[in-house]
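Q: Please take a close look at one helical part of this predicted model, and then set that part in the context of the rest of the chain. A connected account would be preferred to a list.

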Amino acid sequence: DGPVIIVGAGHGGYQVAASLRQAGFSDRIRLINDEAHLPYQRPPLSKAYIKGSAGPESLMFRPEKFYHDQTIELIAGRAVSIDRAGRKLLLASGETLPYGHLVLATGARNRLLDLPNANLPDVKYLRILDESEALRKIIPSKTRVVVIGAGFIGLEFAATARIKGLEVDVLELAPRVMARAVTAEVSEYFEARHREAGIRIHLGVQATSIEAENGKVTGVSLSDGRHLPADLVVVGVGVLPNIELAAEAGLPVAAGIIVDEYLSTADPNISAIGDCALFASPRFGGSLRLESVQNATDHARCLAARLTGDKKVYDGHPWFWSDQGDDKLQIAGLTTGYDRVVLRGDPAKKAFSVFCYHGDKLLGIESINRAGDHMFGRRLQAMNRSITPEQAADESFDLKSALA
Ligand code: FAD
């Protein structure tokens, strides 16, 4: 039915293109890329990439030859509007591209800090390769960074900056780190580990202004009246899904582009996947918008299957990871809504898992340096099975027996 056009060449967009070809899709595939790089992996941007010295090519999913060989047309540009009646996509260049099916994989963008001096060059964000590259370049000339926001990206960056020798202060409005995403047990562990590494963490406070002299950042003032000196500020206060293209085309949006359990928008010729999509989830009951590589990649595979004749409800099993300093956090399942947690392993030994239950139902597992527990959790979920809280807490209980 005509070409598939994919808007956004991030994790989701790249994967739809690759999976379509794998499934034998033979029509044109055009991938609209508004970043000046081949499609690349985002997670290392706040971790290994800043720490190391490997070039941008180390992040690419595939070399240029892949797109050529697979006849995936990478189109440099930005989509600015959709003509749904005419089934055409308009690019900022003025070019109009007809589509049979349009995939919105537009991701999310940084939520910007609305403070005086927040647009100075020494106030940085971390979403795209160019931002990570810019940070990597200036870190050697900096001595003190204030990180605003103790979410995953803020903490990953803070740990990296500390390893790179900077003085690091982290500000967080919530009473604990990563409060929206993990249990108190995991917050407490990471807070302690970052403090041990020499990072100062300030909870329950907000930045009220950024001070500067002659255009150079000199510090950050806090809501409790304190002032922290700094020559660099890194902001990690969350993201906003890129829904405008869909909204302006009259497609329903809320906290994301609204799609059904097949990832279709209200227009059968347009789908949305990844960070930008608010999808109906029969498994979890209700709508979800997730920000993870698993979500973007599994959405992409499900959509590619539908577009090649294998229509099925999206029913991916969420999982996530975050590397902070020497610690690896892995999450299997969705842990929100738990009313009881059970620990397996020992935080003092830097290896434990938090099993999250609602009643007797296992919702998910947060593992720290316990990859085996994490893999167990993913396999258990895939089998739609559970173990009891008593079994989870009992280290002599053999997890493998639950998978047999
Ligand atoms: P994106 O990868 O954001 O891609 C969207 C693309 O669309 C972007 O290139 C954007 O520029 C482009 N675009 C937007 N609008 C237009 C337009 N109008 N025209 C053309 N192009 C457009 N997840 C994990 O699971 N584990 C991790 O450890 C982890 N670490 C992360 C670290 C960082 C620093 C960041 C930023 C994210 C991290 N994530 C991690 C989250 C993960 O990277 C995202 O969930 C994932 O990239 C989402 O994929 P996506 O395709 O939906 O969006």
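A: Helix α6 is followed by G198, which has a positive phi, near 95°. Helices (DSSP runs of H or I, at least four residues) and strands (DSSP runs of E, at least two) are numbered from the N terminus. The model is predicted, so local features need pLDDT of at least 70 and side-chain atom pairs count only at pLDDT 80 or more, whereas totals for chains, interfaces and linings use all residues. Residues are numbered from 1 along each chain as its sequence is written, and side-chain values use heavy atoms, with hydrogens and water left out.

Helix α6 itself covers residues 184–196 and has 13 residues. From its first C-alpha to its last it reaches 18 Å, close to the 18 Å expected at 1.5 Å a residue; the expected span is 1.5 Å times one less than the number of residues. Within α6, the residues V186, S187, Y189, F190, E191, R193 and H194 are buried, where buried means under 20% relative accessible area, exposed over 50% and partly exposed in between (1.4 Å probe, protein chains only). The cover over these residues includes helix α5 together with strands β12 (200–203), β22 (319–324), β23 (327–333), β25 (351–358) and β26 (361–368).

Helix α5, one of the elements covering α6, deserves attention in its own right. Its 12 residues should span 16 Å at 1.5 Å a residue, and the 17 Å between its end C-alpha atoms agrees with this. Because nine of the 12 residues are buried, α5 is largely enclosed by the rest of the structure. The buried set consists of F152, G154, L155, E156, F157, A158, A159, T160 and A161. Just after α5, G165 adopts a positive phi of about 95°.

Among the buried residues of α5, F157 has a relative accessible area of 0%; the helix that holds it runs over residues 152–163. Setting aside neighbours within four places in sequence, F157 is in contact (heavy atoms within 4.5 Å) with S46, I50, L126, L135, I139, V145, V147 and V234. By contrast, N242 lies 85 residues from F157 in sequence and 24 Å from it in space, C-alpha to C-alpha.

Strand β26, another element over α6, leads into a loop that ends at α9 (371–382), and R370 is placed in that loop. R370 counts as buried because its relative accessible area is 17%. Leaving out residues up to four places away in sequence, R370 touches Q330, R344, G345, A351, F352, S353 and E395.

The nonpolar interior comes next. A nonpolar core is a set of buried Ala, Val, Leu, Ile, Met, Phe, Trp, Tyr and Cys residues joined through side-chain atoms within 4.5 Å. The largest such core has 50 residues, and those with the most contacts inside it are I6, V16, I82, L89, L102, L104 and I273. Helix α1 (residues 11–22) gives the most to this core, with five residues. A second, separate core of 31 residues includes L135, V145, V147 and I331; of these, L135, V145 and V147 are also contacts of F157.

Helix α1 is mostly covered, with 11 of its 12 residues buried. Those buried residues pack against β1 (4–7), β2 (29–33), α3 (64–69), β3 (72–76), β7 (101–104) and α8 (293–307). Just after α1, G24 takes a positive phi of about 90°. Elsewhere in the largest core, I82 touches K88, L89, Y99, L102, L104, L245, A249 and I270, residues up to four places away in sequence not being counted.

At the level of the chain, an automatic or database domain assignment gives domain 1 (4–109 + 240–307), domain 2 (112–237) and domain 3 (326–402). The C-alpha centres of domain 1 and domain 3 lie 32 Å apart. As for cysteines, zero disulfides are counted, a disulfide being a pair of cysteine sulfur atoms within 2.5 Å. The sulfur of C302 is 15 Å from the closest cysteine sulfur, in C276, and is therefore too far for a bond.

Finally, pLDDT is the predictor's confidence in each residue, from 0 to 100. The mean for the chain is 97, and 100% of its residues reach 70 or more. Among the elements, helix α2 (residues 48–51) has the lowest mean pLDDT, 94, and strand β19 (residues 270–272) the highest, 99.
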